[in-house]
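Please look over the sequence and the structure shown below before reading on. The report that follows goes from one pair of strands to the sheet, the helices and the chain as a whole.

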Amino acid sequence: MSINGKVALVTGAGQGIGRGIALRLAKDGADIAIVDVNQEKMAAVASEVAQIGRKATIFRADVANRDDVYAAVEHAQKELGGFDIMVNNAGIAQVQPLSDVTPEEVDRILNINVQGVLWGIQAAAKKFRQRKQKGKIINASSIAGHDGFAMLGIYSATKFAVRALTQAAAKEFAGDGITVNAYCPGIVGTDMWVEIDKRFAELTGAEVGATYKKYVEGIALGRAETPDDVAALVSYLAGPDSDYITGQAILIDGGIVYR
């Protein structure tokens, strides 16, 4: 069964995993609300969605701002005529030893990675309830939400927090027919990992590219993950075949963390 005719909102959809998710959901029949902070990148993804044959609308929002997230949901419903799927994908990485992390760095990543997901959960659940309908909320966690990684301690903490929010929300909203799940990617070949690798090089003296190579070599399936790999799981969680799954944070990492 497909998600044909559904309306999906994807945060952080201007690039990387978010772009991959937006395009996959469009290919599977959904109309897409593309939410990001970069207008130019959003416009490019909207054009790609249109080429697939689905409707797209763009909305600039900072997910750390609660009002922005609520406004994005309202925009999606108004422009696309419905609201069925919320993908809280936007997030940032942070490579920093725990001994050196500053209050400002902690605040920034918590505001985006944790509060951004919380506001998305709130806004989506409120809209589903207003519309008296079931709905799907899908959150971005990580392998770092299952295992804490050295030099990625605060990032790992935010992704553990997403798992907690996902479980709690699944329990709170089950009676409304709203499922809440999370996806947990591993080493994805995106711009985010380019920056993570550079930062590791700065802190450890490793050659640029060496950290990424080391992590990829540890993947059981023998290759780096792609946004399409992640998007396939998100599409499943967005569709009716996953209707009996809620509160889960599913690893999709090619074989790095095992639970």
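## A pair of strands and its crossover

In this predicted model, aspartate 36 has arginine 60 of strand β3 as its bridge partner. To get from β2 to β3, the chain passes through helix α2, which covers residues 39-52, and the β-α-β crossover made in this way is right-handed.

The two strands themselves, β2 with residues 31-36 and β3 with residues 56-60, pair in the parallel sense, and 5 bridges join them. Strand β2 also pairs with β1 (residues 7-11), again in the parallel sense and over 5 bridges. In that pairing, valine 10 is found opposite isoleucine 34 of β2.

## The sheet

Which strands make up the sheet, and in what order do they stand? It is an open sheet of 7 strands with parallel pairing, and the order across it reads β3-β2-β1-β4-β5-β6-β7. The edges are taken by β3 and by β7 (249-252), and because each of these has a single partner strand, one side of each is left without a neighbour in the sheet. On average, and with direction ignored, neighbouring strands of the sheet are turned by 20° against each other.

Pairing of this kind has a general basis: strands of a sheet are held to one another through backbone hydrogen bonds, in either a parallel or an antiparallel arrangement.

## Helices on the sheet

Helix α4, formed by residues 103-130, packs on the sheet, where it touches β4 (85-88), β5 (135-140) and β6 (178-185). The direction of helix α4 makes about 175° with that of β5.

Helix α8, formed by residues 227-238, lies across β4, β5, β6 and β7, and it runs at about 170° to β6. Counted over the whole chain, there are 8 helices and 7 strands.

## The chain as a whole

How does the radius of gyration of the chain relate to that of a compact globule? For 259 residues, such a globule would have a radius of gyration near 18 Å, and the chain, with 17 Å, agrees with this. Along the principal axes, the C-alpha atoms fill a box of roughly 55 × 35 × 35 Å.

Of the 259 residues, 50% count as buried. The surface that the chain exposes comes to about 11,700 Å², of which carbon and sulfur atoms supply 51%. Among the contacts with a separation of 6 or more, 70% are accounted for by residues that lie 24 or more positions apart in the chain.

Key: Residues are numbered from 1 along each chain as its sequence is written. This is a predicted model: local features need pLDDT of at least 70, side-chain atom pairs count only at pLDDT 80 or more; totals for chains, interfaces and linings use all residues. Side-chain values use heavy atoms; hydrogens and water are left out. Two strands pair if DSSP finds at least two bridges between them. Helices (H or I, at least four residues) and strands (E, at least two) are DSSP runs, numbered from the N terminus. A crossover is right-handed if, with the strands pointing away from the viewer, the path from the first strand over the helix to the second runs clockwise. The radius of gyration is taken over C-alpha atoms; the globule rule is 2.2 Å times the number of residues to the power 0.38. Buried means under 20% relative accessible area, exposed over 50%, partly exposed in between (1.4 Å probe, protein chains only). Contact means heavy atoms within 4.5 Å. Accessible areas come from the Shrake-Rupley method with a 1.4 Å probe; for residues, only the protein chains shown count as cover. Axes are lines fitted to C-alpha atoms, for helices over the stretch in contact, and angles run from 0 to 180 degrees between N-to-C directions.
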